[in-house]
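Colleague: Let us go through this model together. I will ask, you reason.

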Amino acid sequence: MNEPALQALQYAAAALGFSACAAAPADADQGDLLEQWLGRGMHAGMDWMPRHLPARLNPQLVLPGARSVVVLTYEYARRDTRLQPGAVARYAQGEDYHKLLAGKLADLDETLQMYGGTQRCFTDSGPVSERFFAWRAGLGWIGRNGLLIRPGRGSYCFLASILTTLELPSGTPVRNHCGNCRRCELACPVQALQNGCCDARRCVSYWSIEAKSPMPAELAAAAGPRLYGCDACQEACPWNASAKPVRVDPHLLMPARLRSLSLSAAEAMDEDAFNTLFARSPIRRIGRGRFAENARRTRANAQGG
């Protein structure tokens, strides 16, 4: 086990703003839950998921010789600071986390190179079961809402991963502390959560971000005042209510123009205005047309139909 490499990595990660850093064996058995979820069609139109399943279950297909998977957490805002109707998921309130964390991961790659490791780094951008390895590394447990929940910190965080050829000391998995609590399932406006699984075919986040077609009328009416994504299950989680205060990277805070953007203005934005406002935001990836469609749906819900 290369303990000095992990210690150096954890020190560097903390200096770069990551809130936790731990490792798990790359060959840890992931079981068949993901295959079952895909087999039931709960991935909706995200066809890349079954295509990448073999690599997701076998890190050797992503990085030959991989011996450890490092998982890191990076905090994001815990409250919606919008001043107008139309909630924006907390993870998307500031700058695009993919770009923000890419440079930091490159620095950590260099740290492990000094110990002879070869790495591949991802932030929700590759076929890595980040939540599974986060649990296996001891960072928290996978809650009934399907998210990583951390004792004392809750679930409001990004996950990043580093596959490495180094064998690093592994953390100890955390016992699931959800117990009989079902607040997340009850809070879901479209009943997308069932027994620890999120059915993307009903999920507001899927339909307002990932889907290529309009949200079905039944779900659109139930989606309520949600403009982009949905945090209902996180808002209802008692582990988030009791989480300790954390410092959030200023780049991840909502800019004033988005805080005050009305739904009518969001609906009427032209291409240039949309691209200017969301130049650094993950919202840009859905395009102006989908954003305007989300605004129309949200405004109709706010007006009662």
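**Cavity, core and helix**

Modeller: The largest cavity is lined by Arg-144, Asn-145, Ile-149, Cys-178, Cys-181, Arg-183, Cys-184, Cys-237, Pro-238 and Trp-239. Keep in mind that this is a predicted model.

Colleague: How many residues of that lining are nonpolar, polar and charged?

Modeller: Take the lining by name: Arg-144 and Arg-183 are in it, and so is Asn-145. Cysteines, including Cys-178 and Cys-237, also line the cavity. The split is two charged, one polar and seven nonpolar.

Colleague: Which helices each supply at least two residues of the lining?

Modeller: Arg-183 and Cys-184 line the cavity, and so do Pro-238 and Trp-239. Two helices each give at least two lining residues: H7 (183–187) and H11 (238–241).

Colleague: How much space lies in the largest cavity?

Modeller: The structure holds one cavity of 30 Å³ or more. The space in the largest cavity is about 80 Å³.

Colleague: Which element supplies the largest share of the largest nonpolar core?

Modeller: That core has 26 residues, and Phe-18, Val-70, Leu-72 and Leu-108 touch the most other members. At least two residues each come from H1, strand S1 (20–25), S2, H5 and S7. The largest share, six residues, comes from H5.

Colleague: How many residues are in the other core, apart from this one?

Modeller: Among its members are Leu-38, Met-42, Tyr-206 and Cys-230. This separate core counts 24 residues.

Colleague: What is Val-70 in contact with, leaving aside neighbours within four places in sequence?

Modeller: Val-70 is one of the core residues that touch the most other members. Its contacts beyond those neighbours include Cys-21, Ala-22 and Ala-23. The others are Ala-160, Ser-161, Ile-162, Leu-168 and Leu-9.

Colleague: What covers the buried residues of H5?

Modeller: Helix H5 (residues 97–113) has 17 residues and reaches 24 Å, close to the 24 Å expected. Its buried residues include Leu-101, Lys-104, Leu-105, Leu-108 and Leu-112. Residues three or four places apart on an α-helix point the same way, because there are 3.6 residues a turn. The cover includes helix H1 (3–15) and strands S2 (68–75), S4 (119–122) and S7 (157–164).

Colleague: Does Gly-126 count as buried or exposed?

Modeller: Gly-126 is found in the loop between S4 and helix H6 (130–136). Its C-alpha is separated by 8.7 Å from that of Val-62, 64 residues apart along the chain. The cut-off for burial is under 20% relative accessible area. Gly-126 has 17% relative accessibility, so the residue counts as buried.

Terms used:
Residues numbered from 1 in each chain as written. Predicted model: local features only at pLDDT ≥ 70, side-chain atom pairs only at ≥ 80, totals over all residues. Heavy atoms only, no water. Helix = DSSP H or I, 4+ residues; strand = E, 2+ residues; numbered from the N terminus. Expected span 1.5 Å × (residues − 1). Buried < 20%, exposed > 50% of the residue type's maximum accessible area, 1.4 Å probe, protein only. Contact = heavy atoms within 4.5 Å. Core = buried A, V, L, I, M, F, W, Y, C linked by side-chain atoms within 4.5 Å. 1 Å grid on protein atoms, 1.4 Å probe; cavity = no way out; pocket = protein on both sides within 12 Å on 5 of 7 lines; lining within 4 Å. Points joined across faces, edges and corners; volume = space filled by probe spheres on them. Nonpolar A, V, L, I, M, F, W, Y, C, P; charged D, E, K, R; others polar.
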